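Biologist: Hi! I'm new to this one, could you walk me through its pockets and its ligand?
Modeller: Sure, let's pull it up.
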Amino acid sequence: MTIALYPGSFDPLTNGHLDVATRAAKLFEKLIIGIYDTPNKRLMFSTTERVELARKATEHLPNVEVTSFTGLTTEFARSLGAKTMVRGMRTGSDFEREFDLAMMNKRLNPDLELVCLMASQEYQFLSSSILKEVARLGGKVENLVPPNVLKALQEKLSLEAVESVK
Ligand code: ADP
């Protein structure tokens, strides 16, 4: 079976991530979305929440699984028997970052191949961090995330608002 790992922070999963996962699921027999437990970023959603959001948003894709992981992505891929790692590539800085990551990952696990899917035009400028910023400022994000993520975002932001007036 051809297994591919699509790793990331997914804080939260956006339509850009979903687009990459949907396209990658057509290329491999099984696609595992790996949610990195402790990225070097300030997170809005816990690991459990990020996994649940991604699971619900991809439940219509029968060969996609979602699971969290800790430690090296290359080791996680090895443990799954994944020979391919999928990443999404937007214009500009993604290339530099992915290139550096790919070189390091190749040293760590020479058997793992990287497949980068170019982001679709409508999602080129979409990132989880921009999405969170826009949502916090009250901007419309309806077309940028799956419905369950939109709901979770709205709930999280109203909780934050309540906390801030305490
Ligand atoms: P990381 O913290 O590893 O960058 P992210 O959750 O930000 O994790 O992204 C996971 C992967 O999805 C990365 O390869 C990233 O480039 C890709 N990605 C993020 N946003 C988009 C998008 N709008 N379109 C396509 N790929 C994307």
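Biologist: By class, what residues make up the lining of the largest pocket?
Modeller: In this predicted model, that lining has 18 nonpolar, 18 polar and 9 charged residues. Ala, Val, Leu, Ile, Met, Phe, Trp, Tyr, Cys and Pro count as nonpolar, Asp, Glu, Lys and Arg as charged, and the others, Gly among them, as polar.
Biologist: Which lining residues lie nearest the centre of the largest pocket?
Modeller: Gly-8, Ser-9, Lys-41, Arg-87 and Arg-97, out of 45 lining residues. A pocket here is an open set of points on a 1 Å grid over the protein atoms alone, where a 1.4 Å probe fits, with protein on both sides within 12 Å along at least five of seven lines; lining residues have an atom within 4 Å of a point.
Biologist: What volume does the largest pocket have?
Modeller: About 1100 Å³, taken as the space filled by probe spheres set on the grid points, which are joined across faces, edges and corners.
Biologist: Which element gives the largest share of its lining?
Modeller: Helix H4 (93–108), with 8 residues. Helices (H or I, at least four residues) and strands (E, at least two) are DSSP runs, numbered from the N terminus.
Biologist: On to the ligand: where does the ligand sit?
Modeller: In the largest pocket, where "sits" means that more than half of its atoms lie within 2 Å of the pocket's grid points. The elements giving two or more residues to the shell around the ligand are E1, H1, E4 and H4.
Biologist: Which residues come nearest the ligand?
Modeller: Ser-9, Phe-10, Lys-41, Gly-88 and Leu-126, of the 18 around the ligand; a residue counts if one of its heavy atoms lies within 4 Å.
Biologist: Which polar side-chain atoms lie by an oxygen atom of the ligand?
Modeller: One of Tyr-6, at 2.9 Å, and one of Arg-87, at 3.1 Å. A backbone N or O atom of Tyr-123 also lies 2.9 Å from a ligand nitrogen.
Biologist: And the second largest pocket, what lines it?
Modeller: Nine names to know: Phe-45, Glu-49, Leu-53, Asn-148, Lys-151, Ala-152, Glu-155, Lys-156 and Leu-159. H6 supplies the largest share, 6 residues.
Biologist: Any ground rules I should keep in mind?
Modeller: Residues are numbered from 1 along each chain as its sequence is written, and side-chain values use heavy atoms, leaving out hydrogens and water. Local features need pLDDT of at least 70 and side-chain atom pairs count only at pLDDT 80 or more, while totals for chains, interfaces and linings use all residues.

Methods
A polar contact is a pair of N or O atoms within 3.5 Å; within protein, one must be able to donate a hydrogen and the other to accept it, and residues adjacent in sequence count only if both atoms are side-chain atoms.
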